Amino acid sequence: MINYIIRRLFLTIPTIIGIITITFLLMYVVPGDPVRILMGQRGDPATIAMIRKEMGLDDPIMTQYFRFLWNILRGNFGRSYATNRLVLPEILSRFPATLKLALASMVIATTIGIGAGIVSATKQYSFFDYSSMVIALMGVSAPVFWVGLLLMWIFGYSLGWLPISGYGGITYLILPAITLGVRPAAYIARMTRSSFLEILRQDYIRTARAKGLSERRVIYVHTLRNTLITVVTILGMEFAGLLSGAVLTETIFAWPGIGRLSVDAIMKRDHPMVQGTVLFTAIIFIFANLIVDISYAFLDPRIRYE
Amino acid sequence: MNDIEKREISTSYWKDAFRRLKRNRLAMVGLYIILALILMAIFAPWIAPYNPYEVNYDEYLKPPSSRHPLGTDEFGRDILSRIIFGSRVSLYVGLVAEGITVVIGVILGSISGYYGGWVDHLIIELTNIVFSFPFLLFVIAIVVSLGPSLTNVFIAVGITNWAGTARLIRGQVLSLKESEYVEAARALGASNTRVLFKHILPNCIAPIIVSATLGMGDAIMIEASLSFLGLGAQPPTPSWGAMIDYARDFLRTNLWYSLFPGIAIMLTVFGFNLLGDGLRDALDPRLKI
């Protein structure tokens, strides 16, 4: 097990270096002089040239690249052009909001998704099965921002039960969490159903039935436990995706998380902040997936020996 | 195998698949939604009751009525007509963006699977990197760098979206490479390119069709999201995502304005998802147990 973890950790190194490289290139090819963005209309050519030199923007691309790489490895993501604050602490200060939203929507998605998936699978081809699978597919097809606006209208404007946007107590969390939870809930329901059906066809389930176990025991002990292995993986992957920031949901609900921070930075052409958020979320995503893989290997010993 | 025999076998495979597809009611619903959408896009000027660009301040933000079945927007433009014309943007993006994705994905995936070795490692590593980027953020960053426009949406989607197709094709090519008929073709002296393009890729068509159908829905959703953020189709082009973006400001009092373009997006993506699921079941008999 330890060997497996160490091997997987080593395998992330080239991916992370690749991500750093692409992030660097992305901002390098962007049209527009960062110094001009920094100074606005005010700067005279002499000052701009001086600042360019100070920032090392006139150095050869490889020099700039290795400086960037070295800085990132030391945890120095630079300073924001917009606020002149250090990028990494700014991102870290937004992370709890994103984490809170991701956890809340994951709880909603898991409860609804696994519940609907199991009922659908045990009552295959029933009215409930058809309707919940159609609803699930609609949930996957509905634009997140539109679902958010509808919820805002129903529970905020019409009923007046919940605040329409902002950050504060639990009431502020409910609408964005449901909005963000719709797609994963639908996805989890579909995957739970199909993996449940697949396991119901296995020989050991027939054995369990043949030896006279009650249907309830067959479903809730023998089938469910084996379904969970697959479902846990999907949960982990979905969660990893949510952690990297819900760009659209955070934008419409004015939620101060990483998704909104990054969109703001992109719109303001705040290059260091864009690089920082893209890198940070990509690395979070890689490690969250790594943890999922490791826990999967822990649950299913066959994985380790491939 | 002579030509006549070959044709019979191949038509019966597609015939069987089509028969299976026709039996799948949900898939047919998806097919009808997409056909309706295509007809709507082609005949938009004849179907739409009004000119989608025509500004009329007397009709400022009117709720649905017999004159304007889906109401009007803040410029007095007919929302139904704008939604009908918006189908052109969505289909166009779906086709072109997914087309780019499929071309890049198939080329890289088949090279990776067929040749193996360091090329394979390199391409796998590249797909891993693309997969670990926060997808929407990456697309937004590319579009902002290149400048907001539909063409740049295509490029951004193409750059970011190919990895899934490449992975799928690589897997197919890897398994087909070892099959006996490929060995036979090689024994007859067929070159690598011939084996890959004449013998292996034609057998990958089924998964390509499935992933392209599902991918069109994804591409339409990405365009809608980017247009919602003001980065896709630029005004006054009627794009469903952009319509919802403008409608946001009037949400409190004018729900219908946000509601209808969203329904259009949802139905369209729903159609592609239903058809894609149905095609997967129909084209891959092995999945049917």
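Biologist: Which handedness does the crossing of α8(B) and α9(B) have?

Modeller: In this predicted model, the crossing of α8(B) and α9(B) is right-handed.

Biologist: How should I read such a pair of helices, and at what angle do the axes of α8 and α9 of chain B cross?

Modeller: Two packed helices are described by the angle between their axes and by the distance between those axes. Here the axes of helix α8, residues 180–187 of chain B, and helix α9, residues 192–200 of chain B, come within 10 Å and cross at roughly 140 degrees. Because only angles over 145 degrees count as roughly antiparallel, α8(B) is oblique to α9(B).

Biologist: Which residues of α8(B) and α9(B) meet?

Modeller: From α8(B) come B:Y181, B:V182, B:A185 and B:R186, and these meet B:V195, B:H199 and B:I200 of α9(B). Sorted by class, this contact has five nonpolar residues, one polar and one charged.

Biologist: Turning to helix α7 of chain B, how far does it reach from its first C-alpha to its last?

Modeller: Helix α7(B), residues 150–177, has 28 residues and reaches 39 Å between those two atoms, close to the 40 Å expected at 1.5 Å a residue. There is nevertheless a bend of about 40 degrees in α7(B), at B:N161.

Biologist: How many residues of chain B are in contact with chain A, and which helix supplies the largest share of that side of chain B?

Modeller: On chain B, 32 residues are in contact with 34 residues of chain A. Helices α5, α6, α10 and α12 of chain B each supply at least two residues of that side, and the largest share, nine residues, comes from α12(B). By class, the side of chain B that touches chain A has 21 nonpolar, eight polar and three charged residues.

How values were computed: Residues numbered from 1 in each chain as written. Chains lettered and ligands numbered in written order. Predicted model: local features only at pLDDT ≥ 70, side-chain atom pairs only at ≥ 80, totals over all residues. Axes fitted to C-alpha atoms, helices over the stretch in contact; angles between N-to-C directions. Helix = DSSP H or I, 4+ residues; strand = E, 2+ residues; numbered from the N terminus. Parallel < 35°, antiparallel > 145°, perpendicular 65-115°, else oblique. Left-handed = near helix turned anticlockwise from the far one by under 90°. Contact = placed C-beta atoms within 7 Å. Nonpolar A, V, L, I, M, F, W, Y, C, P; charged D, E, K, R; others polar. Expected span 1.5 Å × (residues − 1). Bend = angle between axes of the 7 residues up to and from the residue.
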